[in-house]
Amino acid sequence: MRKIIFSLVVFLFSIITVATKAQLLTWTPVFGQESSTPFTITMDASKGNQGLFFYTPVADVYVHIAVITNLSTSSADWKYNKFTWATTPAAAAAASLGGNKWSYTITGGLRTFFGITNASESI
């Protein structure tokens, strides 16, 4: 019986550990809509592959952001890339929150930010 309980505890701990490590990105509001404003994405570098963990200078972090819409052909078919990959325009700068966290805020609604004008296209 103890072996079963121990196995269950180890299994639950594994699930919790995976769930907490997997939370690299969070956003507010949690259930964002196309018209949500502001829409803030927060990245916690202590999660995921930790590629930016203890990264310096903290002001040198930029986003590469786009959307998947109903017209995307797959989950990798990003539409409306806002910034060119590997560029550092001021508008793409993420704000350092300290503690290995950065945020990026979109104002004016997602459709406006990404320039989506096709009324039949949804994010």
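Helices and strands are DSSP runs, numbered from the N terminus; a helix has at least four residues and a strand at least two. In this predicted model, the elements of the chain follow the order α-β-β-β-β-α from the N terminus on. The chain thus holds two helices and four strands.

The strands form an open sheet. Its four strands are arranged in the order S1-S2-S4-S3, and their pairing is antiparallel. Strand S1 (25-28) and strand S3 (95-98) are the edge strands. Each of these pairs on one side only. From one strand to the next, the twist averages 25°.

One pairing in the sheet joins strand S2 and strand S4. Strand S2 covers residues 39-44, and strand S4 covers residues 101-106. The two run in the antiparallel sense and are linked over six bridges. One residue pair serves as an example: Thr 40 has Thr 105, in S4, as its bridge partner.

Contacts and surface were then considered for the chain as a whole. Among contacts with a separation of 6 or more, 52% are between residues 24 or more positions apart. The chain has 123 residues, and 23% of them count as buried. Here, buried means under 20% relative accessible area. The chain exposes about 8400 Å². Carbon and sulfur atoms supply 65% of this exposed area.

Notes
Residues are numbered from 1 along each chain as its sequence is written. This is a predicted model: local features need pLDDT of at least 70, side-chain atom pairs count only at pLDDT 80 or more; totals for chains, interfaces and linings use all residues. Side-chain values use heavy atoms; hydrogens and water are left out. Buried means under 20% relative accessible area, exposed over 50%, partly exposed in between (1.4 Å probe, protein chains only). Contact means heavy atoms within 4.5 Å. Accessible areas come from the Shrake-Rupley method with a 1.4 Å probe; for residues, only the protein chains shown count as cover. Two strands pair if DSSP finds at least two bridges between them. Axes are lines fitted to C-alpha atoms, for helices over the stretch in contact, and angles run from 0 to 180 degrees between N-to-C directions.
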